[in-house]
Amino acid sequence: LRDGAEVVLQTEPVDPRDLLRGRYVRLGYEISSLRLNLLPEGQRADALAADTVHVHLVQQADGLWTADRADLVSGDGDGVWITGEITYGLSDDLISVVYGIERFYAPEYLAPEIERNMRDGEITQTVVAVAADGAAQIKALRQGDEALFVEPLY
């Protein structure tokens, strides 16, 4: 959380519950459905057989980050690379990827408000810290520039 490159992703919420860990908000992202044409041409046929994908993120003019290329071998190079797990093919040109930031566990007292805000479209962005090795962690939920929940640094 302290040292990772900070990126902001557009959210697509769902609202489940985990009996052991409590209430959480399930989040989806545009980068969760990855177009195969972002991979080098020689890697596209191997995408469904691969476990891991490295996705290069670039910041857009609106402050949100999107994928501009991907690689099955490594996330080497300049910029921010987030590492995800390929879960399945969505179509002939899309794969589903999870990054470990799809669940946000909320404090019990705050969960109903967060869930309501998600349903009403008031929480639309997730601030994510991405480490140098591509691992990601949710840092905050926000609407525009206003932070609605910030994960405390311990």
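From the N terminus on, the elements of this predicted model follow the order β-β-β-β-β-β-β-β-β-α-β-β-β. That makes one helix and twelve strands in the chain. The radius of gyration is 16 Å, close to the 15 Å given by the globule rule for 154 residues, so the chain is as compact as a globular protein of that length. Along the principal axes, the C-alpha atoms fill a box of roughly 50 × 30 × 30 Å.

How much of the chain is buried? Of the 154 residues, 45% count as such. The contacts of the chain add to this picture: among those between residues at least 6 apart in sequence, 58% join residues at least 24 apart. Turning to the surface, the chain exposes about 8,600 Å², and carbon and sulfur atoms supply 47% of that area.

Charge comes next. The chain carries 13 positive and 27 negative side chains, and the centres of these two sets lie 6 Å apart. Side chains of opposite charge can pair when their charged atoms come close. How many salt bridges does a search of the whole structure find? The search returns two, and each can be looked at in turn.

One of them pairs Lys 139 with Glu 6, with the closest N and O atoms 3.0 Å apart. Lys 139 belongs to strand 11, which covers residues 136–143, while Glu 6 belongs to strand 1, which covers residues 5–14, so this salt bridge ties together parts that are 133 residues apart in sequence. Are the partners buried or exposed? Lys 139 counts as buried because its relative accessibility is 18%, under the 20% cut-off. Glu 6, in contrast, has a relative accessible area of 43% and is therefore partly exposed. For a reader following the pair in the structure, this salt bridge thus joins a buried lysine to a partly exposed glutamate.

The other salt bridge is formed by Arg 69 and Asp 68, and here the closest N and O atoms are 3.7 Å apart. What is the relative accessibility of each partner? Arg 69 has a value of 35% and so counts as partly exposed. Asp 68 has a value of 34% and likewise counts as partly exposed. Both values fall between the cut-offs of 20% for buried and 50% for exposed.

Note on methods
Residues are numbered from 1 along each chain as its sequence is written. This is a predicted model: local features need pLDDT of at least 70, side-chain atom pairs count only at pLDDT 80 or more; totals for chains, interfaces and linings use all residues. Side-chain values use heavy atoms; hydrogens and water are left out. A salt bridge is a side-chain nitrogen of Lys or Arg within 4 Å of a carboxyl oxygen of Asp or Glu. Helices (H or I, at least four residues) and strands (E, at least two) are DSSP runs, numbered from the N terminus. Buried means under 20% relative accessible area, exposed over 50%, partly exposed in between (1.4 Å probe, protein chains only). The radius of gyration is taken over C-alpha atoms; the globule rule is 2.2 Å times the number of residues to the power 0.38. Contact means heavy atoms within 4.5 Å. Accessible areas come from the Shrake-Rupley method with a 1.4 Å probe; for residues, only the protein chains shown count as cover. Lys and Arg count as positive and Asp and Glu as negative; His and the chain ends are not counted. The place of a charge is taken as NZ of Lys, CZ of Arg, CG of Asp or CD of Glu.
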